[in-house]
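Let's take a friendly walk through a protein model. Have the sequence and the 3D view ready as you read.

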Amino acid sequence: MSKRKSRDAVIAQLERLAFYRPNDGIRLALEGEADVRRLHLEGVSEFKRHGNGTVELKFFDRIKALELLLALQQEGETPSGGVMEFLRQMGGDEP
């Protein structure tokens, strides 16, 4: 994958995380038997169902996603500098 496509993919994913609606995650927590294949759960970072019936649902940090998205968009056409910083902050490997 080219650096430009990688950068565009990162921006697209950050947009999905920043503007994610939690409706399907909440539906899964409340209904329990929802068809997971049909739900939009890209914003869910953690889902736990405990033995006592309680559910723990965590979402990705929208503010962090917005900050990273803004930084990537502000750097304009600088090749992949923001992608590298994003990957460092997320703890991943650089492409």
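## Checking the length of a helix

Keep in mind that this is a predicted model. A good place to begin is helix α3, where a little arithmetic helps. With 13 residues at 1.5 Å a residue, α3 should span 18 Å, and its end C-alpha atoms are indeed 18 Å apart, so the two values agree.

Look next at how α3 begins. A side-chain oxygen of aspartate 61 comes to within 3.0 Å of the backbone nitrogen of isoleucine 63.

## Two sides of α3

Which residues of α3 are buried? They are Ala65, Leu68, Leu69 and Leu72. These residues cover an arc of only 100° around the axis, which means that they sit on the same side of α3. A general rule is useful here: an α-helix has 3.6 residues a turn, so residues three or four places apart point the same way.

Turn the model to view the other side of α3, and you will find Ile63, Glu67 and Gln74 exposed.

## The nonpolar core

The largest nonpolar core is made of nine residues: Val10, Ile11, Leu14, Leu17, Ala18, Ala65, Leu68, Leu69 and Leu72. Two elements, α1 (3-18) and α3 (62-74), give two or more residues each to this core. The biggest share comes from α1, with five residues. More generally, nonpolar side chains tend to be buried together in soluble globular proteins.

## Charged pairs

Now for the charged side chains. How many salt bridges does the structure hold? There are six. As a general point, side chains of opposite charge can pair when their charged atoms come close.

One of the salt bridges joins aspartate 24 and arginine 27, whose closest N and O atoms are 2.4 Å apart. Both residues belong to helix α2 (residues 23-31) and lie three residues apart, about one turn of the helix. Aspartate 24 is buried, because its relative accessible area is 11% and buried means under 20%. Arginine 27, at 36%, is partly exposed.

## A network across two strands

Glutamate 46 takes part in a salt bridge with lysine 48 (3.4 Å, N to O), and also in one with lysine 58 (3.9 Å, N to O). The pair of glutamate 46 and lysine 58 links distant parts of the chain: glutamate 46 is in strand β1 (residues 44-49), while lysine 58 is in strand β2 (residues 55-59), twelve residues apart. Through shared partners, salt bridges join Glu46, Lys48, Glu56 and Lys58 into one network.

Are these side chains hidden? Glutamate 46 is partly exposed at 29% relative accessibility. Lysine 48 is partly exposed at 37%, and lysine 58 is partly exposed at 37%.

Methods
Residues are numbered from 1 along each chain as its sequence is written. This is a predicted model: local features need pLDDT of at least 70, side-chain atom pairs count only at pLDDT 80 or more; totals for chains, interfaces and linings use all residues. Side-chain values use heavy atoms; hydrogens and water are left out. A nonpolar core is a set of buried Ala, Val, Leu, Ile, Met, Phe, Trp, Tyr and Cys residues joined through side-chain atoms within 4.5 Å. Buried means under 20% relative accessible area, exposed over 50%, partly exposed in between (1.4 Å probe, protein chains only). Helices (H or I, at least four residues) and strands (E, at least two) are DSSP runs, numbered from the N terminus. The expected span of a helix is 1.5 Å times one less than its number of residues. The arc is that of the directions from the helix axis to the C-beta atoms. A polar contact is a pair of N or O atoms within 3.5 Å; within protein, one must be able to donate a hydrogen and the other to accept it, and residues adjacent in sequence count only if both atoms are side-chain atoms. A salt bridge is a side-chain nitrogen of Lys or Arg within 4 Å of a carboxyl oxygen of Asp or Glu.
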